[in-house]
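Here are some brief notes to read alongside the model. Keep the structure open and find each part as you go.

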Amino acid sequence: MTNLERHSYDVVVIGAGGAGLRAAVEAREAGLRVAIICKSLFGKAHTVMAEGGAAASMGNVNENDNWQVHFRDTMRGGKFLNHYRMAELHAKESPDRVWELEQWGALFDRTAEGKISQRNFGGHEYPRLAHVGDRTGLELIRTMQQRIVALQQKDGKTYQSMESHLKVFAELTVTEILKEDGKIAGVYGYWRETGAEVLFEAPAVIIATGGVGKTFKITSNSWEGTGDGHALALKAGANLVDMEFLQFHPTGMVWPPSVRGILVTESVRGEGGVLTNNKGERFMFKYIPDVFKDKYADNEEEADRWYTDQDNNRRPPELLPRDEVARAINTEVKAGRGTEHGGVFLDVSKRISAEIIKKRLPSMWHQFYELAGVDITKEAMEVGPTCHYVMGGVEVEPDTAAAVGVPGLFAAGEVAGGMHGSNRLGGNSLSDLLVFGRRAGMGAAEYVKSAKPVAVSDATIKAAGDRIEAPFSRSGGENSYSLHAELQEITHNLVGIIRTGSELKEAIEKIAEIRKRSANVSVAGGRKFNPGFHLAFDLDNMLLVAESTAKSAISREESRGGHTRDDFPQLDNKWRQINHIASFNGTEVSVRKQTLPEIPKELFDLFDVHELEKYMTPEEITKGGAR
Amino acid sequence: MARKLKMRIWRGDADSGALQDVTVEANEGEVVLDVIHRVQATQMGDLAVRWNCKAGKCGSCSMEINGKPRLACMTQVASYGDEETITVTPLRAFPVIKDLVTDVSFNYRKAMEIPSYKPPANLKPGEARMEQIDVERSQEFRKCIECFLCQDTCHVIRDHEENKKSFAGPRFFIRIAELDMHPLDMLKNRKQKAQEEHGLGMCNITKCCTEVCPEHIRITDNAIIPMKERVVDVKYDPVRWLGTKIRKREGIV
């Protein structure tokens, strides 16, 4: 161990997407020495893919908007399974977080009065998404990347070293979160470039690793979305809450095969895009659920009028929450009304001019023109559902983002659970990572104040090192690429958009089988930038995620948001009171039920009681919230 | 639909390397990154290649394809002839780490040298007012996905390692231009610094950077040339030159 590269920090942030960078900024500004670790180059995290915008009730376009309306929309979107406190903090704080980005140099699109412009999005009552064309995620990540540099320049003046207090470790994979005596002691990992191992000693660790999409076959996520943080947290003794809820974004590209799954932003529908089947029928009118009937138009005329007069018309059903639209598309395609390549048509060319399409949806135009040979200013796109986002994640304390049960561990962004309930609204992800990224940074800073540094023992280091060496010491074992492909087939076929008990049971058995075989993965070649070696570790993480998802899904005997059971097709108000908590004992994941925190009276009273009756039991309604 | 594609892939590291011939299946609609992934999964498990989004938005899979700096995820296999061999090599301007992966840390060091955005002192959150038309100039440059193809192709550093120290490159000229044109940025001497500290003067506007930009940012016309013109204006106009000396102006407005 004498040659082991060692670092010592106050806090280590795993992940350099929006949540990780926002957490790092906050922790550094609170005076901490911060390491940021990312699997890719700095600035490439999946946040760059976010297109639509960041939801914040600034009221720049419609002054009726406020945090209460945003809170209501978020709870509705999540079918009231959200942790009320997270949804409340998120709705209250997101405007400040967006304005803060502007103070760091972000350039959002403007209204005629020169304020930050806001656009319509599914499930949001008013135009609410701060945006930059359809590349909002890039603007967010670049702004925070540049904010990091600004802080480094400031440190350079004070300490004569730009990286003494805030340093980015790019292309480094974390394989383990280390604990001593039940407390966080640091992280262990390897440089992707060389395969050399690295130890970071730190009393606080913030997980901001994003999503799990690569567990599935068709996904909008990049290779990085392998559930690393979910698995690292589980192994460190944290819980995962509600892992059955996965968001299948209704509109991914379906053709050509190489781009299958790549996202088509919801802004296309927000700007007036219409969904039709192969009969030319605008089918979404058939799929408006009862709980949304008073908010969505049931005829084309009213839906069309909404684009110009939102006060006197109901919204077009294309703008229903994502879970509803994804299921509708799935049903149309299964009924034989799909396109040649198994999707449906999404057309924006008939409603807005070519010039405006190119201005408002530039990267969509670019993406379809260059990758599919389709000119979206003239013709329809073919789209279908793609695995996009995991609502489930690390169980955290809302105010501090502290992981429940593991002192020193924090989680923010997609990897954290609770905020979005059973379904996330578009636009609520970018604001989520700003609000809770900052809170995780604050939480860690507060924790570090009173925490003593914990020394990592040699035994812990040796165990972590042995695990990295293991795949090289075997030969003729399993190939990680094929195991990954097999796992994706299982999740796609058996744990996908529509689920049933028998298939989930089969999935759990098959995942366990692959888990066994994955213990025998061997890797060809050396340690130097070896993707086969990298995938061996990613695979381990994805298997834990898939197991948590399948086991949570088989237990939830109802359909809600991003979890649809063919054998239990109804929303069940009794199930609304239940969170699933997944934990790991070192050999397998187990899932237990936990009662959802009760919504306090002042938040309960923000809703029309008749609306709550659709989601809550009569006893809950009578009680009227916690006092 | 599937066909056999002949490829030559550069494999090696900082010490040595060579092109290796492979034949791989290519399906309709696939891009070069797809077939590289197929090679990786079926023939060369340890072939090193960077990629992330696979949609031309992150700028990770930069490489040279038949000698041209390109994003592998945005390069259709069908754009080459049926019998053509596709040759992929690492970016030439940066040191090779392994196979198609190069050490691009030069760019991150340069990023740290560019003075950051300086907001107005008393502007409160939410109070900023900017016209769309004014933000659009900087927004063009903020489209940059940091693929560094412009850096790779720029002949000032492509084969001139010795210039790297004093030359930030096109990516960072647009960063400076972006801040310079930012309606609220308060730092006044950006163009002059670009000239004096970041090597703007070494660019002789051959527009190679603009040609390779996957975001179609008009790097030369909209960022480099306007900055050069203003720098020249002040530097060679004797009256304004005198003005900068007498009034100790912080820079060029």
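**Notes on the contact and on chain B**

1. Start where the chains meet. Chain B puts 47 residues into the contact, and chain A puts in 50 residues. Bear in mind that this is a predicted model.

2. Which elements of chain B give two or more residues to the side that touches chain A? There are three helices and a strand to find: α1 (32-42), α2 (105-113) and α3 (132-142), plus β6 (96-98). Look at α3(B) in particular. With 5 residues, α3(B) gives the most to this side of chain B.

3. Now check the residue types. On the side of chain B that touches chain A, 21 residues are nonpolar. Another 13 are polar, and 13 are charged.

4. Next, look inside chain B. The domain assignment splits chain B into domain 1 (3-102) and domain 2 (105-246). Their centres, taken over C-alpha atoms, are 31 Å apart.

5. How many residues of each domain of chain B are in contact with the other? Domain 1 of chain B supplies 12 residues, and domain 2 of chain B supplies 13. The domain 1 side of this contact holds 7 nonpolar, 3 polar and 2 charged residues.

6. Finish with helix α7 of chain B, residues 190-197. Its buried residues are R190(B), K191(B), Q192(B), A194(B) and Q195(B). After α7(B) comes G199(B). The phi of G199(B) is positive, near 80 degrees.

Terms used:
Residues are numbered from 1 along each chain as its sequence is written. Chains are lettered from A and ligands numbered from 1 in the order in which they are written. This is a predicted model: local features need pLDDT of at least 70, side-chain atom pairs count only at pLDDT 80 or more; totals for chains, interfaces and linings use all residues. Domain bounds come from an automatic or database domain assignment. Two residues are in contact if their C-beta atoms, placed from the backbone, lie within 7 Å. Ala, Val, Leu, Ile, Met, Phe, Trp, Tyr, Cys and Pro count as nonpolar, Asp, Glu, Lys and Arg as charged, and the others, Gly among them, as polar. A residue is buried if 20 or more other C-beta atoms lie within 10 Å of its own, exposed if 12 or fewer, and partly exposed in between; C-beta atoms are placed from the backbone. Helices (H or I, at least four residues) and strands (E, at least two) are DSSP runs, numbered from the N terminus.
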